[in-house]
Amino acid sequence: MSQQALVAPRRSMTQWLDSDAPASRRQAMLGTLYRGLGAVLANPSSLIGSIIIGSLFLVAIFAGPIAGNASPVTQEWDIRLTPPGPAHWFGTDDLGRDIFARTVFGARVTLGIVMLVSIVVAPIGLGVGMLAGYLGGWVDAVLMRITDVFLAFPRLVLALAFAAALGPGIMNAVIAISLTAWPPYARLARAETIAIARSDFVAAVVMQGASTPRILLKHIMPLCLSSVIVRLTLDMAGVILTAAGLGFLGVGAQPGTPEWGAMVSGGRDLIYDQWWVATIPGIAIFVVSLGFNLIGDGLRDIVDPKSA
Amino acid sequence: MIDVQDLSVTFRNGGRAVRAVKEVSFAVADGETFGIVGESGSGKSTILKAIAGLIAADAPALTINGTAMGTQRNKAQRRLMQFVFQDPYGSLHPRQTVDDCLREPLVIHGIDGIDAKVMEALADVGLQPQHRFRFPHQLSGGQRQRVAIARALILKPRILLLDEPTSALDVSIQAEILNLIARLRSSYRLTSILVSHDLAVVAHLCARIAIMQNGQLVELLDAASLRSGAAKEPYSQELLAASRGFTRATA
């Protein structure tokens, strides 16, 4: 009896969230969120992915305290190329910088790139795709041919051209990646929009006199968003690898910036004698890419069980 | 109220053109319920969508409430008429609650007192306040169709277009929804057009009925002659006989 009393409040909370007769808009929204979260956590791959990416966020936010007093940029020439040990967990590189601190601070750079690319790519892809799909006709033809043109650019080559024109740097790498990454999103959004625009609930809002922007933003976009988000998380690994590749080629992050790709590149010549210099950031790239892929896989299973 | 003059609709798909509706003319008086029956593919739903402005007619053919209308309509013209769709599973946005769905038309037209109007609309179609924040997947087919009817009536339109509003529902629910439509029609003083392939439904609700075949209007009947089977055209007689024969054979 006392045990039941202890359990009761928690159960009523989940009951409130899972209620099939919510009493307010807030409860209906939180209930949807709760069920979505439950689905994410019940799916093994998205659960593991969430844990990895969640940790990445925590590491990026608390990079200072986690790295302790080690600085990612301070060079100590007398301890160059120290192997991993108690003083320097991941060892030091050829300039005597602490690799643990550099890897931890590298999470910020990586997350920054990932978020900037998403912020640029998702709106452009959605906007172009939804307009083309909803308006059809010549708007569709023009927008899709422009999309085809951008689709034809090889990503790394365009990035190299950008670096040559604007000078190397993370921002230019982000611009180059974004410019080549949005076309698949436009195609995805267009296909979804064409299917959704035929549905009766869109005809109903047209009958109500809703404006085209309102129909697109309030009624069509929420349904396109889920597949775009799935695609985005699945692409994140590719974005991280491209950013790292640009860093490796020397046109992304500049020397000194603790960027994982550039760190791998810096340790390339030492790989046989001082394996840790290139391996540790390489493992970081691998784990984070894996995390994003797992989340994407899991989300795809949840959002669209048919295509799994 | 609604005047249709030589309405033709052609669907073009690549090089192929299909004339779904061929020079159909009829008029619906204020407050009247007009029925359109015909087999699948006879163009009856297409006529309704053309009147609604969802499909373009080949040439201007519609005069509604004294104004010629095409597919481009302003808010006031849109508000004049609302639509109830056939499939209650496809006509509600899957990510919007009943509340969102009923609120949207009021927000679009900048109407005040949204909360009270939403509650009133729910009560009007026989839904409980507890249904207000449910998502469509948490409702039954009949409840969804009630929501769709509430959504159509919340703007207080003068014309209601009904596209087989009961054909996707269970037989027991069909009667409920039909009675609901009949009740709301008189309390809102609606002019309505009902499209159906079910002669019994049309005879129950409509005073005058158009019979369609292959995109053409075959005959205009009143409900009494539909019930007595006094159709002049051979196709209409066939259709009536078919529906009677079917009921006798299954009884």
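This is a short talk about one sheet and two pockets in the structure above.

Okay, so before anything else: this is a predicted model.

Let's start with the sheet in chain B. It's an open one with six strands, the pairing is mixed, and the order runs β6-β7-β8-β3-β9-β10. At the edges you've got β6, residues 81-84, and β10, residues 216-222, and each of those pairs on one side only. Going from one strand to the next, the twist averages 20°.

Now look at the β10 end. Strand β9 of chain B, residues 208-213, runs antiparallel to β10(B), and six bridges join them. If you want one pair to click on, B:Q213 has B:Q216 in β10(B) as its bridge partner.

On to the pockets. The largest has a volume of about 1600 Å³. Its lining has 40 residues, and the ones closest to the centre are A:T32, A:P222, A:S226, A:V303 and B:R95. Which helices supply at least two residues each to that lining? From chain A, that's α2, α9, α11 and α13, and from chain B it's α3, residues 98-108. By type, the lining splits into 20 nonpolar, ten polar and ten charged residues.

The second largest pocket comes in at about 1100 Å³. Here 29 residues form the lining, and nearest the centre are A:A197, B:G53, B:L54, B:I55 and B:A56. Helices α5, α9, α10 and α11 of chain A each give at least two lining residues, and so does strand β1 of chain B. The top contributor is α10(A), with four. Sorted by type, that lining has 15 nonpolar, nine polar and five charged residues.

Definitions and conventions. Residues are numbered from 1 along each chain as its sequence is written. Chains are lettered from A and ligands numbered from 1 in the order in which they are written. This is a predicted model: local features need pLDDT of at least 70, side-chain atom pairs count only at pLDDT 80 or more; totals for chains, interfaces and linings use all residues. Side-chain values use heavy atoms; hydrogens and water are left out. Two strands pair if DSSP finds at least two bridges between them. Axes are lines fitted to C-alpha atoms, for helices over the stretch in contact, and angles run from 0 to 180 degrees between N-to-C directions. On a 1 Å grid over the protein atoms alone, a cavity is a set of points where a 1.4 Å probe fits but cannot get out, and a pocket is an open set with protein on both sides within 12 Å along at least five of seven lines; lining residues have an atom within 4 Å of a point. Grid points are joined across faces, edges and corners, and a volume is the space filled by probe spheres set on the points. Ala, Val, Leu, Ile, Met, Phe, Trp, Tyr, Cys and Pro count as nonpolar, Asp, Glu, Lys and Arg as charged, and the others, Gly among them, as polar.
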